[in-house]
Amino acid sequence: MVHRILQECLDNNIVVDKKLEGKCRHSSERERAAMESERAANKYKQVEYMQDFLGEEFEGVISGVSSFGFWVETLEHKCEGLVSLNSLMDYDDFRHIESDYALVGRRSGRRFRMGDKVTIKIVSANLAKRQLDYEWVISSGAPVTDGPAGMEVGEPDSGWPAERPARKKSAQDHKPRHGKSPHGKGSGAKGPHAKPPKKTARKKKK
C-alpha cells in the first residue's frame with residue numbers, strides 16, 4: 001500500500017482512494033495473523049522436538065522475566081520455555097522487581113535477570129498448549145547468589161533491607177544532660193527537695 005502511494009507521488013498522478021483506510025486496516029490484520037501463525041508453528045515444532053529430551057539438563061539464557069516466572073532459551077536448541085515461580089518456592093520466596101526486570105529471593109538474595117546464564121531441566125513438553133516447562137538446576141560450582149558487588153551468601157537484597165537490631169540502653173542514657181536535674185531545668189531549678197540559697201552578709205561602708 002505504501003509503495004503504491006509513493007509511486008503515485010513520484011509520477012505526479014495521485015489518485016484519491018476513499019477505501020484506503022479500510023484496505024490499510026485489513027492489511028494490518030492479515031499481517032498480524034500471519035505473524036501469530038508463524039510463531040505458533042515454530043513453537044509447535046520446538047515442543048515436538050524437545051519431547052525427546054525430557055529430564056535432560058541444558059545451559060540457557062534468561063530471555064524474559066515476569067511476576068509468575070522467567071523464560072529461558074537453550075543455547076544448544078534455541079528453544080524457549082518457562083521456569084515457573086512455583087518451582088522456585090522450595091529454594092526461596094522470590095519477588096518481581098519491575099524496575100530491574102528481575103526476580104529476587106527475599107532470604108538468599110539470589111537474582112534472576114535478563115541475559116543471565118542458568119542451567120535448566122526439561123520437565124514438560126505439551127503439544128496441545130505448545131508449551132515447554134523447565135526447572136532451574138543449581139550448578140555445583142556456581143555461587144548461590146548473584147546480587148550486587150560485595151553481597152555475601154544469604155545477605156538480603158537491597159529490595160528488602162535487613163531490620164536493624166534495637167540498641168541497648170547504656171548507663172549514659174539515664175544520666176541528665178547539660179546539667180539538668182530530674183526535678184527541673186538547670187542547677188537552679190526549684191523543687192520539693194531543692195535547698196534554699198545561702199544568704200551572705202554585706203559589710204556596711206564607713
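This report covers confidence, salt bridges, backbone outliers, cysteines and a surface patch in a predicted model.

## Confidence

The model is predicted, not experimental. The chain has a mean pLDDT of 77. Of its residues, 67% reach 70 or more.

Two stretches call for caution. Over residues 141-167, pLDDT stays under 50. The model gives this stretch 38 contacts beyond four places in sequence. Over residues 179-189, pLDDT also stays under 50. Here the model has 8 contacts beyond four places in sequence. Where pLDDT is low, predicted coordinates should not be read in detail.

## Salt bridges

The structure holds 7 salt bridges. Side chains of opposite charge can pair when their charged atoms come close. Three of the bridges are described here, starting with Asp17 and Lys23.

The closest N and O atoms of Asp17 and Lys23 are 2.9 Å apart. Asp17 is partly exposed, at 33% relative accessible area. Lys23 is partly exposed as well, at 40%. Arg95 bridges to Asp93, with the closest N and O atoms 2.6 Å apart. Arg95 is partly exposed, with 35% relative accessibility.

Arg113 and Asp116 also meet through their side chains, at 3.6 Å from N to O. Arg113 has 26% relative accessibility and counts as partly exposed. Asp116 has 16% and counts as buried. The cut-off for buried is under 20%, so Asp116 falls within that class.

## Positive phi outside glycine

Tyr101 is not a glycine, yet its phi is positive, at about 50°. Tyr101 sits in the loop between β4 (94-97) and β5 (102-105). Its relative accessibility is 55%. Exposed means over 50%, so Tyr101 counts as exposed.

Arg130 is another residue other than glycine with a positive phi, near 55°. Arg130 lies in the loop between β7 (117-126) and β8 (131-137). Arg130 is partly exposed, with a relative accessible area of 38%.

## Cysteines

How many disulfides does the model contain? The count comes to 0. A disulfide is a covalent bond between the sulfur atoms of two cysteines. The rule asks for a pair of cysteine sulfur atoms within 2.5 Å.

Two cysteines can be placed by their accessibility. Cys24 is partly exposed, with a relative accessible area of 31%. Cys79 is buried, at 3% relative accessibility.

## Nonpolar patch at the N terminus

Which residues make the nonpolar surface patch of about 270 Å²? Met1, Val2 and Leu6 do. Val2 belongs to helix α1, which spans residues 2-10.

Is Val2 buried or exposed? Val2 is exposed, with a relative accessible area of 59%. Patch members need over 30% relative accessible area, so Val2 meets that cut-off.

## Points to carry forward

Read residues 141-167 with care, as pLDDT stays under 50 there. The same care applies to residues 179-189, where pLDDT stays under 50. Tyr101 and its positive phi belong to the loop between β4 and β5. Arg130 and its positive phi belong to the loop between β7 and β8. The salt bridges number 7, and the disulfides 0.

Terms used. Residues numbered from 1 in each chain as written. Predicted model: local features only at pLDDT ≥ 70, side-chain atom pairs only at ≥ 80, totals over all residues. Heavy atoms only, no water. Patch = residues over 30% accessible without salt bridge, like charges linked within 9 Å, V, L, I, M, F, W, Y side chains within 5 Å. Areas by Shrake-Rupley, 256 points an atom, 1.4 Å probe, with all protein chains shown as cover. Salt bridge = Lys/Arg side-chain N within 4 Å of Asp/Glu carboxyl O. Helix = DSSP H or I, 4+ residues; strand = E, 2+ residues; numbered from the N terminus. Buried < 20%, exposed > 50% of the residue type's maximum accessible area, 1.4 Å probe, protein only. pLDDT = per-residue confidence, 0-100. Contact = heavy atoms within 4.5 Å.
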